[in-house]
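Please open the structure in a viewer and keep the sequence at hand. The tour proceeds by selections, each followed by a description of what is found there.

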Amino acid sequence: KKRLVVNLSNVQNITQLPEDAFLNCYTLKKVVLPSTINAIGKGTFYCCKNLESIELPENVTYIGEVAFLGCEKITAITIPENVTRIGKSAFYECKKLSEITLGKNISTIEDAAFSNCFNIKKITILGNITSIGDSIFYECNSVKKVIIESDELFTEESFCNIIKQLKRVGKNVGYDLDISKIKNITKLPEQIFEDHGNINTI
């Protein structure tokens, strides 16, 4: 079957992709988006099972729920620094996704955002995420490295919430945790790593 490449780079004055715009578009292989896009709507690329490549414009601030759910062939995606919120199950079951970087401006990650991303090996968290849903990394069992760092205020509550979400990642291999670049955490909360048998080194 032929695979579809969609180039929207010359389309002007579009700021948001509509909900379900490419829903179940199984032939879609690559998408080039216009720089004016600032939001990826709910279910925009839902179950685009053959989508391999997409670059999110720097203006994007929001990635809607189930936006990339079931995009099984995406191996890497860069989440722009301006993104502040990732919706529920946004990247659920992106089975070949191997690395994610959560930029310094992300404040909200909703339930199951990266659940069932079985192949993720590295997670980098650069911001003070103030609102974290449940099971955001559920069944991310191949994680080998987690880096948490922040140049700005990183609250104890945020830190605890992130560590809680990492409790079951990498259970197939164990992972190394690097928190050396968190600037304003002077004391680790009590029992913060209780039952974290999956951590190899800190």
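**The five-stranded sheet**

In this predicted model, begin by selecting strands 8, 10, 12, 13 and 14: these five strands form an open sheet in the order 8-10-12-13-14, and their pairing is parallel. Strand 8 (99-102) and strand 14 (199-201) stand at the edges; each has a single partner strand, so one side of each is left without a neighbour in the sheet. On average, neighbouring strands of this sheet are turned by 20° against each other, direction ignored.

**Inside the sheet**

Next, select strand 12 (residues 145-150) together with strand 13 (residues 175-182). The two run parallel and are joined by five bridges. Two positions may be highlighted: Ser 150 has Ile 182 in strand 13 as its bridge partner, and Ile 147 stands opposite Asp 178 in strand 13.

Add helix 1 (residues 156-165), which packs on the sheet and touches strand 10 (122-125), strand 12 and strand 13. The direction of helix 1 makes about 170° with that of strand 13.

Now turn to the pairing of strand 10 with strand 12. Four bridges join these parallel strands, and Ile 123 stands opposite Val 146 in strand 12. As a general point, strands of a sheet pair through backbone hydrogen bonds, either parallel or antiparallel.

**A loop residue**

Select Asn 141, which lies in the loop between strand 11 (131-132) and strand 12. Is Asn 141 buried or exposed? Asn 141 has a relative accessible area of 9% and is therefore buried, the cut-off being under 20%.

Display the surroundings of Asn 141 next. Its side chain makes a polar contact with the side chain of Glu 139, at 2.9 Å. Leaving aside residues up to four places away in sequence, Asn 141 touches Phe 118, Arg 168, Gly 170, Lys 171, Asn 172 and Val 173.

**The three-stranded sheet**

Finally, select strands 1, 3 and 5. These three strands form an open sheet in the order 1-3-5, with parallel pairing. The edges are strand 1 (4-7) and strand 5 (53-55); because each has a single partner strand, one side of each is left without a neighbour in the sheet. From one strand to the next, the twist averages 15°.

To finish, select strand 3 (residues 28-32) with strand 5: three bridges join these strands, which run parallel. Lys 30 may be highlighted here, as its bridge partner in strand 5 is Ser 53.

Terms used
Residues are numbered from 1 along each chain as its sequence is written. This is a predicted model: local features need pLDDT of at least 70, side-chain atom pairs count only at pLDDT 80 or more; totals for chains, interfaces and linings use all residues. Side-chain values use heavy atoms; hydrogens and water are left out. Two strands pair if DSSP finds at least two bridges between them. Axes are lines fitted to C-alpha atoms, for helices over the stretch in contact, and angles run from 0 to 180 degrees between N-to-C directions. Contact means heavy atoms within 4.5 Å. Buried means under 20% relative accessible area, exposed over 50%, partly exposed in between (1.4 Å probe, protein chains only). A polar contact is a pair of N or O atoms within 3.5 Å; within protein, one must be able to donate a hydrogen and the other to accept it, and residues adjacent in sequence count only if both atoms are side-chain atoms.
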